[in-house]
Amino acid sequence: MEKLDTMMLADDLALSQDKILNGEQDFDAEAVYEVIDNLDVLNNPIKDYFDMTEEQYYEAESDHKLTLIKMANKLTDLHDRILTNHVDGYVDKDEINLTYNHEDPYEDDLYDPATDYRVIVYSLKVIGAVQAIAAKDLQEVLSKDAVLSIGLAAYALAHNA
C-alpha cells in the first residue's frame, strides 16, 4: 500500500462517516487493519493483539500511554483510546513531535461509535500527513499504543455496529 493510502483512507472514512455511523454503509475494518500493518510500528499484525490480555501487551510492547488497569482482560475490552491529535517539528532536522490525548468510547458504559470513528479518522489524517513526507521518521516517533488504539477502535466499530 502506498504512503498516501493512509490519508486517502482517512478522507474516504471522513466522507462516509454519517452513512457508516447510521448503518447505511458497511465499515471496512480490514482496510484500517491493512493501513495499521503497513505502518510497521507494532511488532505483530494488528489482529494478533485482539486475543492478547492487557498484561501481555503491557509487558511485551506498550509504550505506557494507554491506561491498562484490568490486566487480565482482553485488549478488545479496553475502554481507553489514544488519539493522535497533532504534529509539529522540523522534518528537515529529523525533529517530529506527535501529541496525543485519551478518548473513551464507552463513557457512562454506553458505547459511542462516533468516538471510535473520530479516533480512527483523526489519527489517520495526522499519521498520513507525516507518513507522506517522513515515513521512516514516523516509525521512530509514533506511539505503539496510539497505533493499537486505531486497531481497537476499528475492531469495536466492526463488532458493535
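**Close-up 1. Aromatic pairs in the predicted model, with the pair of Tyr 33 and Phe 50 as the example.** In this predicted model, the structure holds five aromatic pairs. A pair of aromatic rings is described by the distance of the centres and the angle of the planes. For Tyr 33 and Phe 50 the ring centres are 5.4 Å apart and the planes stand at 55°, so this pair is tilted. Tyr 33 belongs to helix H2, whereas Phe 50 sits in the loop between H2 and helix H3 (54–60), so the pair ties together parts that are 17 residues apart in sequence. Tyr 33 and Phe 50 are both buried, and ring pairs join them with Tyr 155 in a cluster.

**Close-up 2. The surroundings of Thr 76, in the loop between H3 and S1.** Thr 76 has a relative accessibility of 15% and therefore counts as buried, the cut-off being under 20%. When residues up to four places away in sequence are not counted, Thr 76 touches Phe 50, Leu 152 and Tyr 155. Two of these residues, Phe 50 and Tyr 155, also belong to the ring cluster that includes Tyr 33.

**Close-up 3. The largest nonpolar core, with its 46 residues.** Within this core, the residues with the most contacts are Leu 13, Phe 27, Val 32 and Ile 120. At least two core residues are supplied by each of helix H1 (4–21), helix H2 (29–39), strand S1 (81–90), strand S2 (95–103), helix H4 (113–141) and helix H5 (144–160). The largest share, ten residues, comes from H4.

**Close-up 4. Leu 13 and the residues in contact with it.** Leu 13 is found in helix H1, and with a relative accessible area of 7% this residue is buried. Leaving aside neighbours within four places in sequence, Leu 13 is in contact with Ile 20, Phe 27 and Val 32, and also with Tyr 117, Ile 120, Val 121 and Leu 124. Among these partners, Phe 27, Val 32 and Ile 120 are listed together with Leu 13 as the residues with the most contacts inside the largest nonpolar core. For a sense of scale, the C-alpha atom of Leu 13 is separated by 16 Å from that of Leu 83, a residue 70 places away along the chain.

**Close-up 5. The packing of helices H2 and H4.** Two packed helices are described by the angle between their axes and the distance between the axes. H2 and H4 pack at an angle of about 30°, and their axes are 11 Å apart. Because angles under 35 degrees count as roughly parallel, H2 is roughly parallel to H4. The two helices make a left-handed crossing. On the side of H2 the contact is made by Val 32, Val 35 and Leu 39, while H4 contributes Ile 120, Leu 124, Ile 127, Gln 131, Leu 138 and Gln 139.

**Close-up 6. The packing of helices H2 and H5.** The axes of H2 and H5 come within 9 Å and cross at roughly 170°, which means that H2 is roughly antiparallel to H5. The crossing of this helix pair is left-handed. From H2, the residues making the contact are Ala 29, Val 32, Tyr 33, Ile 36 and Leu 39, and from H5 they are Val 147, Ile 150, Gly 151, Ala 154, Tyr 155 and Ala 158. Tyr 33 and Tyr 155, which appear here on opposite helices, are also linked through ring pairs in the cluster that includes Phe 50.

**Close-up 7. The packing of helices H4 and H5.** H4 and H5 pack at an angle of about 140°, with 9 Å between their axes, and the two helices are therefore oblique to each other. H4 passes H5 in a left-handed crossing. In H4, the residues Pro 113, Asp 116, Tyr 117, Val 119, Ile 120, Ser 123, Leu 124 and Ile 127 meet Ser 149, Ile 150, Ala 153, Ala 154, Ala 156 and Leu 157 in H5.

**Close-up 8. Asp 108 and Asp 109 in the loop between S2 and H4.** Most residues other than glycine have a negative phi. Asp 108, however, has a positive phi near 60°, and Asp 109 likewise has a positive phi, of about 60°, although it is not a glycine. Asp 108 is exposed, with a relative accessible area of 67%, and Asp 109, at 66% relative accessibility, also counts as exposed.

Technical notes
Residues numbered from 1 in each chain as written. Predicted model: local features only at pLDDT ≥ 70, side-chain atom pairs only at ≥ 80, totals over all residues. Heavy atoms only, no water. Core = buried A, V, L, I, M, F, W, Y, C linked by side-chain atoms within 4.5 Å. Buried < 20%, exposed > 50% of the residue type's maximum accessible area, 1.4 Å probe, protein only. Helix = DSSP H or I, 4+ residues; strand = E, 2+ residues; numbered from the N terminus. Phe/Tyr/Trp six-rings, centres within 6.5 Å; stacked < 30°, edge-to-face > 60°. Axes fitted to C-alpha atoms, helices over the stretch in contact; angles between N-to-C directions. Parallel < 35°, antiparallel > 145°, perpendicular 65-115°, else oblique. Left-handed = near helix turned anticlockwise from the far one by under 90°. Contact = heavy atoms within 4.5 Å.
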